[in-house]
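Please open the model in your viewer and keep the selection tool at hand, as the tour moves from one selection to the next.

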2 protein chains.
Amino acid sequence: MRTQFLYEKNLTGVANSVKRKQEQYLKIVRHLYYNGAASIAEIVKAVKISQPLVASLVDDLMGYGMLLDNGIGESIGGRRPNLFCINPEYQYVIGVDINLHSLNLAVFDLSNKQIHREEIKYFDLENSEEYLTALLEKIERMISRLGIAREKYLSVGISIPGLVDARHGLSHTHLSVAENGLAQYLSEKLGMSVQLDNDARIMALGEKAFGKAIDKENVLCLNLSNGIGLGMILNGELHSGKNGFAGEFGHILIDPKGELCHCGKIGCLETLTSGKILVRNVKKAIENGQPTILAQYHEEGKKIDLRAVVEAIQAGDQFAIDQLNQMCEYLGKGLVTLIHLLNPEMVIIGGKLAHTGKIVLDPVAMSMNKYAMSRISSETELVCSDLLDNSALMGTMANVMKCVLSLDE
Amino acid sequence: MRTQFLYEKNLTGVANSVKRKQEQYLKIVRHLYYNGAASIAEIVKAVKISQPLVASLVDDLMGYGMLLDNGIGESIGGRRPNLFCINPEYQYVIGVDINLHSLNLAVFDLSNKQIHREEIKYFDLENSEEYLTALLEKIERMISRLGIAREKYLSVGISIPGLVDARHGLSHTHLSVAENGLAQYLSEKLGMSVQLDNDARIMALGEKAFGKAIDKENVLCLNLSNGIGLGMILNGELHSGKNGFAGEFGHILIDPKGELCHCGKIGCLETLTSGKILVRNVKKAIENGQPTILAQYHEEGKKIDLRAVVEAIQAGDQFAIDQLNQMCEYLGKGLVTLIHLLNPEMVIIGGKLAHTGKIVLDPVAMSMNKYAMSRISSETELVCSDLLDNSALMGTMANVMKCVLSLDE
DNA sequence: ATACTTTTATAATATTTTTTAAAAGATTAT
DNA sequence: ATAATCTTTTAAAAAATATTATAAAAGTAT
């Protein structure tokens, strides 16, 4: 079973005809992956290869076990079509969502189903050999517990906060201790290919593939948690910039007379809008005797973190909502800059704060109305993600499949 | 002579084999246009078609008069290659650069040479039938004066300031009186296809094809004249946004406590940085008795416009340079936002102010050093355009050829 | 002068598509 | 309801197309 041959990118020293055939297979698999089960006739239209050839290629792929007969479909006025789909169990993808204080792992089949998911809380990200070893151990344990043969794993997708150079597989902010770069390191240790990117961009890929950005060409995805990340889909493609540093939305200037940011500049958006600031403000207020549900939480010994604040907001806590509203005014200001520059068709809010839905959306929308040129902003839809906590893991899957099924190079 | 067959986009009702052949021709022509004369062997490598087939396709194109034998090239250790190139005189492109107060026209041959260029000064842009008629008349007169057969013109490229929806050929800010949109209107009147876009984006295309952005993937092009326009090359492609409104750099927020902008918002970059503001400030200062070369100009009865200010700056006028420096501090601030968001590899300054070269570059660079995260900004080169006043016309040529030679759809 | 390269041309082979036909179901008029 | 006519899908044969392999031509390097 030539499991991997389909995806190998630089088939060197191989006959040209083999490359061509690989490309044809890829086109078909690509179409079936992104559009679901299809008949020969449908594939023909989509991939622009003649019907007899598509039929024979599909036949081959069935032979390899990669495609399955998916029964016969509805007729639209003629013979009923035989449908084909990707064999979901032909291969699997591992998703790794690295957060500052937790780790999410998942295994996907080729129908994008999470056949396994686990969350490791209190797994603090630190730049040490120990962390890397522990991370590998968690992944290895998952693999052995699932009992799926190692060769069945197509690739590993990783989401991590901070500056990431996806092209070279480097994580600059975190885990820079990994030899030869994080992707290379993990790839060698796990014996699988690894696709790495920054959390906000991974989220954007998730939204583009499985969320509200499907079929949209210009979408901004905001990851509102402790920090404030931005992933951009521009002209239908993920934008990473020259070094993968694009999306530093948290450090655009909002208030020239504002606070000092940890980045050294003054008045960055992140000094005014972020989960961290929200929590800080709440804590300060509790100390000052502000009446709020969060004060109760505090008395009950509950930790006052972003999760708690979101909970309070969802419970209707007036003070917390007020704080959020204030933050959103600034966020809206920042978004207006983005919208004026990029003219996106949609802005998706994700991250922990997206759980509050309309409560976060409305004040942002208000602020945008105030600060944006309506001619431009009226073309932009503002919504909350519906992938929410799953967006990073779904994004890793999307990223892996995008890389694996890409035709270019 | 089937002049146009090569470019026709949606060949409907035509045999599939014809479409395929058209695509093959297009690939070859594309390569020769963008890379200059090449041998069969080179073309084979570039377009990934076999050598005997490429040879026969090139033969066909020579038969149509589209390609020329370009003699034999240097050997690199074997038989010397026959070179082929596009026949520069096979077709021509008309470039139209519409400015607020002037109009530039040019005719290009397929080697991108301006075989004709004319500048019409004091041709004020206004939204009237009269303007359109006058514009058409200028173009028609140029065509008849040149005496090149009408069928020889491949297309017309237009650059115009303001909001432009290139996809639909609409100019929103100017000339909105044109029936069915500006592109459609001109196309019907001239009997040629028309490619339309906003001046800053056209400039960006010019820089990408002929200027400093060649071979770069992420470049921001700033058009610094009376206004402040932005054209972006992202992932190697021009970014226009959903409606072609992307690039409203002049209306991003810089100073929340600043002046009212004509767009209704407060503290837009354009209220702090633009040729218009520069001229305004200079005039005010002259009234107040500020010693400056410009005061002399004024006494001599010379009009104090941006051109005069640029002249003074080039002459070393201390006051004017001071004014420019102040402006550039704000411009740098704005650019930092762009760089943080998009992580470009290069920022190109064009427009009238680019004529001042280092004098405008240095203060902008200084400001960027101050306000940007060096990790990101250090990856970005800041330069002045060397196309300068030609960038719009060159851009129209680039835009036309990009559209004509595009493979997609 | 000989061996080695690169480029181009030709012939043989392989691939892909077009054409044609058959199978299977939907639609419609009687 | 049923036969006749259309559709759509699939299969197989024939034709067209493109590629690979081979050879020849025209150079360079030693």
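Begin by selecting A:Ser39 together with A:Leu83, a residue of strand 3 of chain A that stands opposite A:Ser39; bear in mind throughout that this is a predicted model. Widen the selection to strand 1 of chain A and to strand 3 (residues 82-86) of chain A, which run antiparallel and are joined by two bridges. Adding strand 2 of chain A completes an open sheet of three strands in the order 1-3-2, with antiparallel pairing. Strand 1 (38-39) and strand 2 (67-72) stand at the edges of this chain A sheet, and because each has a single partner strand, one side of each is left without a neighbour in the sheet.

Next, show the helices that pack here. Helix 1 (residues 16-35) of chain A lies across strand 1, strand 2 and strand 3 of chain A, and runs at about 90° to strand 3 of chain A. Helix 3 (residues 51-63) of chain A also packs on the sheet, where it touches strand 2 and strand 3 of chain A, its direction making about 115° with that of strand 2 of chain A.

Now turn to the interface, and select the 45 residues from chain B and the 45 residues from chain A that take part in the contact. Between them, chain B and chain A bury about 3,700 Å², with 59% of it on carbon and sulfur atoms. Two salt bridges are found across this interface, and one to display is that between the side chains of B:Lys242 and A:Glu379, at 3.1 Å from N to O.

Finally, colour helix 10 of chain B, from which six residues, the largest share of the side of chain B that touches chain A, are drawn.

Notes: Residues numbered from 1 in each chain as written. Chains lettered and ligands numbered in written order. Predicted model: local features only at pLDDT ≥ 70, side-chain atom pairs only at ≥ 80, totals over all residues. Heavy atoms only, no water. Contact = heavy atoms within 4.5 Å. Buried area = accessible area lost by both parts, 1.4 Å probe. Salt bridge = Lys/Arg side-chain N within 4 Å of Asp/Glu carboxyl O. Helix = DSSP H or I, 4+ residues; strand = E, 2+ residues; numbered from the N terminus. Pairing = 2+ DSSP bridges. Axes fitted to C-alpha atoms, helices over the stretch in contact; angles between N-to-C directions.
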